[in-house]
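Colleague: Please take a close look at one part of this model, the largest cavity and what lines it.

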Amino acid sequence: HPNTRNPVVESLATCQKSKGNWVTCSGVYEPSTEFLNAERYEVVLETDVSSFDVNYDVDNVVFRPSEGGLDRLILPKTIENLWGPGAEILITSHSPDWDAHEVRMIFTVENHDEEGYVKVHLNETISRPLTLGSHPFHATEVALLSRNIELDGRDGAHMTVLHSPGLTQVIQGVGFIRFGEEGIRDSYPIHFDYCLDSANSVISKNTIRSSNQRCIVIDASNNVVVEGNVAFDTKGHCFVVETGMESGNVFKSNLGAFTQKVHQTMPQAGISGKETDDIPAVFWAGSPSNYWIENVAAGSEGYGYWLELRQNPRGPHADNFARSPAQTELTQFSGNSAHSMQLESLKVTGYLPTKTSLIENFRSYLNEKGHFSVHKSSNMEARGTILDSPLESNPFPMSGTTVVSTKAMGNDKFSDEELDSENHGHASEPTDVFNLQASPSLLEK
């Protein structure tokens, strides 16, 4: 060390004693602060002072980086000047543990040598994620949690768009923190309540954090676009189509993570039926006549998606609705994914559509219990499903199913020299300040 006259000595590994047999020695070494600025390093092989006849095989001494934590990410340059120092980001769970997410603060953002990318330095290390290079079907998501405008509900506030058919409502780029009141009906962070036709209304690029009850609830309202929202650390079902009367609503590119069960469910009101938020789903549907496209469920104490259909719609306006939700065709369910569920990725109960309903290009992996749970349902079909483990039996007719292990695979965009021979990946699509990284770049350099 330049400031130390005496050498600093630390042990790398210790070999077991042996008589006449070769011994392989290995160890994990984390340099102390005294080693960080050293001018020279020496590796010395020492023997027990009581033994003088030792045969070394020094040709097989190998040093390689361990799977330690990372303190930076490489992301598309499109986030530059948008994801800034001090902002919080979410790195979703990349294990079967539903609560193994990590939240970090951005320390600095600087240009990367590779054109089109920036290095995002974090305030603390994170565990090594799954990247598009090593796991093209299972890459960890990263999402921006901070917003320039944030509303703190202080444990109980809720926002309701009430009885406003035909009016354009736009809720965009806002952070909702500690909204909703557990066990109180209609107390949600964002709630469209009996707005009927709400064409051109948009809920997008918001964050819902530490919600005490649900996230975004569409109740007897139609044609609302719910896109690019991030929900984290919430209780009960999160993205909800509530009564069975809703149609034409679009849920696209939303992400929900760390979805927890409530300890007090809302009381049954009239013909509403028992609430099931004590077994939460990130996306819960009481009406199939809507669109779910490229959403991500990334860690739930219950399910990723739950189609819980009843023969009759619920709520105070149900008498005005003649169609049975349980018999209505699923409008679109495509490109959605679920991982790190404590239960299954997709649960379907009581669904008996008169026309075959399709589950298209669904991805399910790293779940504790399994992929599908289907009860009292029929006339469904899945196409192009990607799983990380085979099914014992198909829950409904399935075609084009692919099983892809979560073991490392794939090729990387960057050279081994640049990335120190580790597995990495790059973003498949750019992002902006509010949009989540559904297939993020998580590279360290």
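Modeller: Here is the cavity, with one residue of its lining in detail.
This is a predicted model, where local features need pLDDT of at least 70, side-chain atom pairs count only at pLDDT 80 or more, and totals for chains, interfaces and linings use all residues. Residues are numbered from 1 along each chain as its sequence is written, and side-chain values use heavy atoms, with hydrogens and water left out.

The structure holds three cavities of 30 Å³ or more. A cavity is a set of points on a 1 Å grid over the protein atoms alone, where a 1.4 Å probe fits but cannot get out. The largest has about 40 Å³ of space; a volume is the space filled by probe spheres set on the points. Lining residues have an atom within 4 Å of a point. Among them are Glu242, Thr243, Trp284, Glu308, Arg310 and Arg314. The lining divides into four nonpolar, four polar and four charged residues. Here Asp, Glu, Lys and Arg count as charged, and Gly is among the polar.

Take Arg314, one of the lining residues. Arg314 sits in the loop between β22 (303-308) and β23 (332-334); strands are DSSP runs (E, at least two residues), numbered from the N terminus. Arg314 is buried, at 3% relative accessible area (buried is under 20%, with a 1.4 Å probe and protein chains only). Its side chain reaches the backbone oxygen of Glu242 at 3.1 Å. Glu242 also lines the largest cavity.

How values were computed: Helices (H or I, at least four residues) and strands (E, at least two) are DSSP runs, numbered from the N terminus. Buried means under 20% relative accessible area, exposed over 50%, partly exposed in between (1.4 Å probe, protein chains only). A polar contact is a pair of N or O atoms within 3.5 Å; within protein, one must be able to donate a hydrogen and the other to accept it, and residues adjacent in sequence count only if both atoms are side-chain atoms. On a 1 Å grid over the protein atoms alone, a cavity is a set of points where a 1.4 Å probe fits but cannot get out, and a pocket is an open set with protein on both sides within 12 Å along at least five of seven lines; lining residues have an atom within 4 Å of a point.
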